[in-house]
Every structure is written in structure tokens, then in C-alpha cells.
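Open the model in your viewer and keep the selection tool at hand. This tour goes stop by stop, saying what to select and what is there.

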Amino acid sequence: MGSEASDIDREDALTILASMGVKLPKGTKIPAVDLDKRLVQALDGAQQFSDVVAGLKVPLNPSKWPKWDSSKPLLEAVSRGNPAEAFANAMNKAHRRPEPSTAKEDTFVEVRQILLGFSAHCDQGHKTFVLRDSREEWVVVVRIVDIFSLGEEPEVPVFSLLYRVITLPSNTTLQDYLGALFGMTAVVSISTTELERKCILKLFAMNSKRISPEYKPRREKTESSHRLSFVLPLGPLGMRDLGKLNNSPGCEICGKRDTSKCTQCLTVSYCGKDCQRADWQEHKKRCRSLKGGTWHTMTFSRTSELTAPSVYRVIINRYDSLHDAKQRIEKEDLNVPPPNIHGDKAFLLKFQISLNQFGDDTAMLLYDRQKSFQVYWRKREDREVFAEGEKAITGKVRIYRWARRVGDFQFSVCFDRAPEKDPVW
Ligand SMILES: [Zn+2]
Ligand SMILES: [Zn+2]
């Protein structure tokens, strides 16, 4: 199935993952099987597959599901977003960007736009699409055959569809080809990059395997060899998924389990000399700035004692959808450790002096760049190590230090080595 042009190679997979916020190291040698697994997990996270089909058996038989109430606008039901995106979209509108982005780092955002496009056109009664680019060497034809509804509040629309990859013969034009295929049917043309099409095809292929052969929607004569699949609304990956997917427990480069740490800085692990050499260009700056540093284990809390205990502080970070954030607000418990999106990898931790400094009640506010947590470090509980931190921050309002999560409420931090350059966030 599928022409060669539509296959996802290594670089494609890494680019798509990066566009979803999953960044594997440059030069990674992660085996192809594991890379594919990660891509599948990422796409499933984005379509919240396990949440949406919760309690249903795979293979799925949609013919037993309720149909989508066509009086309810699909576009609204399909829209997912988080504060970071809302902000980016507002910026784009302000700059009146008229064209969809073709930048590779926007691949996943654009794939989501394509699905929004399906929804908006379905709302107007158009069900047939062709995904193409200006070269028109290969296109994807898609017809939405049914729309089902799963779950309650919010109901999630499930678009069941027939699709096919078509490599255009050189002696014909897309227009002629589609004319022969669809006759008078109105076809909505959606321009996409090649990589966006590959990403959508990956999603179709994943879901196609999950459909029961008992589900047999009516096919047009020209659709006998089309594949059956479905799509769910796509959202940005939440913190839990980002944490899982960005975490590589083994060698930084190839993912092998048996590793030893870089002896200079202790912040990365490799399986051997080859992988270490392959990563050196990337790693050397950090390594040199950390060499010979002392690491201290420090304990943090989710509240400073200055906060009234009844006041719950919830950070809505940039990557959680509003839906997730709402759930977190309801469930927030200060005894539960904050999520760990860094695994055992080193990351930059920002230390900020809090405004109220009173002797033993002195505390610093700590967070990471992604704002996946915002926690307090209280002098009262950690006097000795706190003194190291105070020494480092003297005369400043904030500092950045390399850190690793070593426990539910513990970081290991290198105070006596500053990063080569202060980041700005
Ligand atoms: Zn390795
Ligand atoms: Zn190192």
C-alpha cells in the first residue's frame, strides 16, 4: 500500500516528532522500530486515543456507535488548544499571515489545521477532499463516510473515512484525474506540504488497523481499493505525554540501556565511545561549563509557607490544553509531586528570589523553561544546601543552574557552575 513517496523515513519521523514538542538529540541512533513506536505514541497522545475510546474493545466497530448530531457544529467540537497556541494564533492574526505555514517545525500544527478544514467543510456538507501540493506528483484523496459521536461532555466526533494515495500518471493533470474519479462531486482541495501528508497518512494507517472488518460503510464504484480509517480531533501533547516521550532512559544517542555517564559533567549517558563521539559537538558547551562542579541534593515543596494553606496555586503551563488544565485545577493536591517531563535528564532550573524574605521563612521560587512545575525551596527545610543557593544568587534576582530530578520532591543541582550563557525566560 502507498507509494514510496508517501513513506516516512527517519528524518521525517524526527521532524514530525520535533513539531509535536518531542525533541530527540541530533544524530540520534535510536533504532527504527523504537522511533516508529514513539511516533505512534505521540500521535495517539495528540488524538487522546485511550481517553476517547476508553472502555471500547479494539478492533472498533463504529456501526454500533451513535451518529453525530448534525445540528452541532463540528468545527467547534474539533477545536483543541492551549494557552501557548492561543497566543501564537493571536500573534499570527496580528501579523495577518495569509498563507498556511510550510515550515517544517509547523508540520503538526498544520496537520491539525487540515483536520479543522475537514470539519469546517463537513459543516457545509462537503465530504470529499484532495490533499495536494503544487508539484502534484502524489495526492491523497479522502472521503468522510460517516461521523460518529463518542463520550459525553464533551462529545467527541469520530470521522470515519475512505482514503487512497494516488501517484499521478505523467500524461494527465490532477483536474482530469479527479474528474474521472469523482465526476460531478464537489472536491475540496487542501494544499499541504509533503511531510504534512505523510503525517496524516501515518495517522490514517494507525487507525485503519483498529477498525473491525464488520464495519462496512457503503463505497462508491471508484472506491473499491480505498482504505478505511478514521480520525479523531487532534490537540497539542500535554505535559504527561511530553514527559514520557522526551525521556530516553538509556544512551543519549542510540537509546541502548547499558550506559555510563559522561565523566566530566555527569549529566548525559552513553553506551560507549562511538555514541559519545557522535554527540560531542552538541554536548561540549554544556559539558565544559559544568566540568568539576559539585552537585547538591535539595528538597522542594509545592507551596511556600507564606501561602495560605487554603489557597491552591495552579499553573496552567503553555502546553496543556484548557481541558487538561481544568482537570488539574480540580485535582490539584499539594502532596502529589509535580509531573516530571525531564526524566533523569539534566535541564536548566530557574531560581528566583521571592519578594518576602524573612529569616527562616525565606524561600526561592523554582521553575523550568516549560513551566511544567513551579515549586518553592524553603530555607527552613534545607539550611545547608540553601546556603549554597544563596551564595550563587547574591546580588542577583534570578539565576539559572543545571539540575536533575532525583526524587519526587528532590533535585540535584550544580550551584558552583553557571551555564555558559544565561537563557532568557
Ligand atoms: Zn549509544
Ligand atoms: Zn559531559
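## Stop 1: a residue on helix α6

Select valine 109. With 19 other C-beta atoms within 10 Å, valine 109 is partly exposed; the cut-off for buried is 20 or more. Valine 109 sits in helix α6, which covers residues 107–123. Now add glycine 235 to the selection. In sequence, valine 109 and glycine 235 are 126 residues apart. In space, their C-alpha atoms are 8.9 Å apart. Keep in mind throughout that this is a predicted model.

## Stop 2: the whole chain

Zoom out and colour by secondary structure. The protein chain has 12 helices and 13 strands. It holds 425 residues, and 32% of them count as buried. How many of the contacts between residues at least 6 apart in sequence join residues at least 24 apart? The share is 71%.

## Stop 3: valine 78

Go to helix α4, where valine 78 lies. Is valine 78 buried or exposed? It counts as buried, because 23 C-beta neighbours lie inside 10 Å. Show its contacts next. Leaving out residues up to four places away in sequence, valine 78 touches Leu115, Leu116, Ser119, Pro157 and Pro233. Pick leucine 116 from that group. The C-alpha atoms of valine 78 and leucine 116 are 6.7 Å apart, while 38 residues separate the two in sequence.

## Stop 4: the largest nonpolar core

In soluble globular proteins, nonpolar side chains tend to be buried together. Here, the largest nonpolar core has 60 residues. Select Leu17, Ala42 and Leu131, the residues with the most contacts inside this core. Then select strand β2, residues 138–150. β2 gives 7 residues, the largest share of the core. Why does this core lie between two domains? Domain 1 (4–237) and domain 2 (242–414) both give residues to it, so it lies between them.

Stay with leucine 17. Beyond its neighbours within four places in sequence, leucine 17 is in contact with Val22, Leu24, Arg38, Leu39 and Ala42.

Another core lies apart from this one, with 20 residues. To find it, select some of its members, including Leu290, Phe386, Ala403 and Phe415.

## Stop 5: two helices against α8

Select helix α2 (residues 32–46) and helix α8 (residues 194–208). They pack at an angle of about 85 degrees, with axes 11 Å apart. α2 and α8 are therefore roughly perpendicular to each other. Show side chains at the meeting place. Leu39, Val40 and Leu43 come from α2; Lys202, Leu203 and Met206 come from α8. By class, this contact has 5 nonpolar residues, no polar ones and 1 charged residue.

Keep α8 and swap α2 for helix α1, residues 10–19. α1 and α8 also pack at about 85 degrees, their axes 11 Å apart. They are therefore roughly perpendicular to each other. On the α1 side, select Asp12, Thr15 and Ile16. On the α8 side, select Leu195, Lys198 and Cys199. The contact of α1 with α8 divides into 3 nonpolar, 1 polar and 2 charged residues.

## Stop 6: the loop between α3 and α4

Select lysine 64, in the loop between α3 (49–52) and α4 (74–78). Lysine 64 counts as exposed because it has 11 C-beta neighbours inside 10 Å. Add phenylalanine 148, which is 84 residues from lysine 64 along the chain. Their C-alpha atoms are separated by 9.5 Å.

Proline 59 is also in the loop between α3 and α4. Look at the backbone there. The peptide bond from valine 58 to proline 59 is cis, with omega near 5 degrees.

## Stop 7: two backbone angles

Most residues other than glycine have a negative phi, and most peptide bonds are trans.

Select glutamine 48, in the loop between α2 and α3. Glutamine 48 is not a glycine, yet its phi is positive, about 45 degrees. It counts as buried because 22 C-beta neighbours lie inside 10 Å.

Finish at glutamate 136, in the loop between β1 (128–132) and β2. Glutamate 136 has a positive phi too, near 55 degrees. With 14 other C-beta atoms within 10 Å, glutamate 136 is partly exposed.

Methods. Residues are numbered from 1 along each chain as its sequence is written. Chains are lettered from A and ligands numbered from 1 in the order in which they are written. This is a predicted model: local features need pLDDT of at least 70, side-chain atom pairs count only at pLDDT 80 or more; totals for chains, interfaces and linings use all residues. A nonpolar core is a set of buried Ala, Val, Leu, Ile, Met, Phe, Trp, Tyr and Cys residues joined through C-beta atoms within 7 Å. A residue is buried if 20 or more other C-beta atoms lie within 10 Å of its own, exposed if 12 or fewer, and partly exposed in between; C-beta atoms are placed from the backbone. Helices (H or I, at least four residues) and strands (E, at least two) are DSSP runs, numbered from the N terminus. Domain bounds come from an automatic or database domain assignment. Two residues are in contact if their C-beta atoms, placed from the backbone, lie within 7 Å. Axes are lines fitted to C-alpha atoms, for helices over the stretch in contact, and angles run from 0 to 180 degrees between N-to-C directions. Angles under 35 degrees count as roughly parallel, over 145 as roughly antiparallel, 65 to 115 as roughly perpendicular and the rest as oblique. Ala, Val, Leu, Ile, Met, Phe, Trp, Tyr, Cys and Pro count as nonpolar, Asp, Glu, Lys and Arg as charged, and the others, Gly among them, as polar.
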